[in-house]
Amino acid sequence: GRRVRLDWQAFTRDRNRFNLYAPTRQGGSTGGRASIEYRLTPALELRAGAEVERGTRDWTASSLSGGLRWVP
């Protein structure tokens, strides 16, 4: 099908005091994530993505990802 696929999302979160996985990231936050997929050949796809989240208690989290995907 398509040669390029884009995806973008925005979000808000409320990380309450029971935030067991990341206790330093309590309170509210806003952020977004974006990704792009580009088909190099009919069976090979290049993928890249990024995410950022900013908390009301002065913290920021971000990530980047990328890779190749075989599409049989």
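How many bridges join E1 to strand E2? There are 12 of them, and the two strands run antiparallel. Keep in mind that this is a predicted model. What you're looking at is an open sheet built from 4 strands, in the order E1-E2-E3-E4, with antiparallel pairing.

**The sheet as a whole**
- Strand E1 (4–15) and strand E4 (60–70) are the edge strands, and each of them pairs on one side only.
- Going from one strand to the next, the twist averages 10°.
- As a bit of background, strands of a sheet pair through backbone hydrogen bonds, and they can do that either parallel or antiparallel.

**Where E1 meets E2**
- Strand E2 covers residues 27–41.
- To find your way along this pairing, start at Gln 9: its bridge partner in E2 is Arg 33.

**Where E3 meets E4**
- Strand E3 takes in residues 44–55, and 11 bridges pair E3 with E4 in the antiparallel sense.
- Look for Leu 46 here, which stands opposite Leu 68 in E4.
- E3 and E4 make a hairpin, with 4 residues between them.
- One residue to check in that turn is Asp 58, which has a positive phi of about 60°.

**Rings and charges**
- If you go hunting for aromatic pairs, you'll come back with 0 in this structure.
- There is a charge over a ring, though: Arg 13 lies over the face of Phe 11, at 4.2 Å from the ring centre.

Definitions and conventions:
Residues are numbered from 1 along each chain as its sequence is written. This is a predicted model: local features need pLDDT of at least 70, side-chain atom pairs count only at pLDDT 80 or more; totals for chains, interfaces and linings use all residues. Side-chain values use heavy atoms; hydrogens and water are left out. Rings of Phe, Tyr and Trp (its six-membered ring) pair if their centres lie within 6.5 Å; planes under 30 degrees apart count as stacked, over 60 as edge-to-face and the rest as tilted. A charge sits over a ring if NZ of Lys or CZ of Arg is within 6 Å of the ring centre and within 35 degrees of the ring normal. Two strands pair if DSSP finds at least two bridges between them. Axes are lines fitted to C-alpha atoms, for helices over the stretch in contact, and angles run from 0 to 180 degrees between N-to-C directions.
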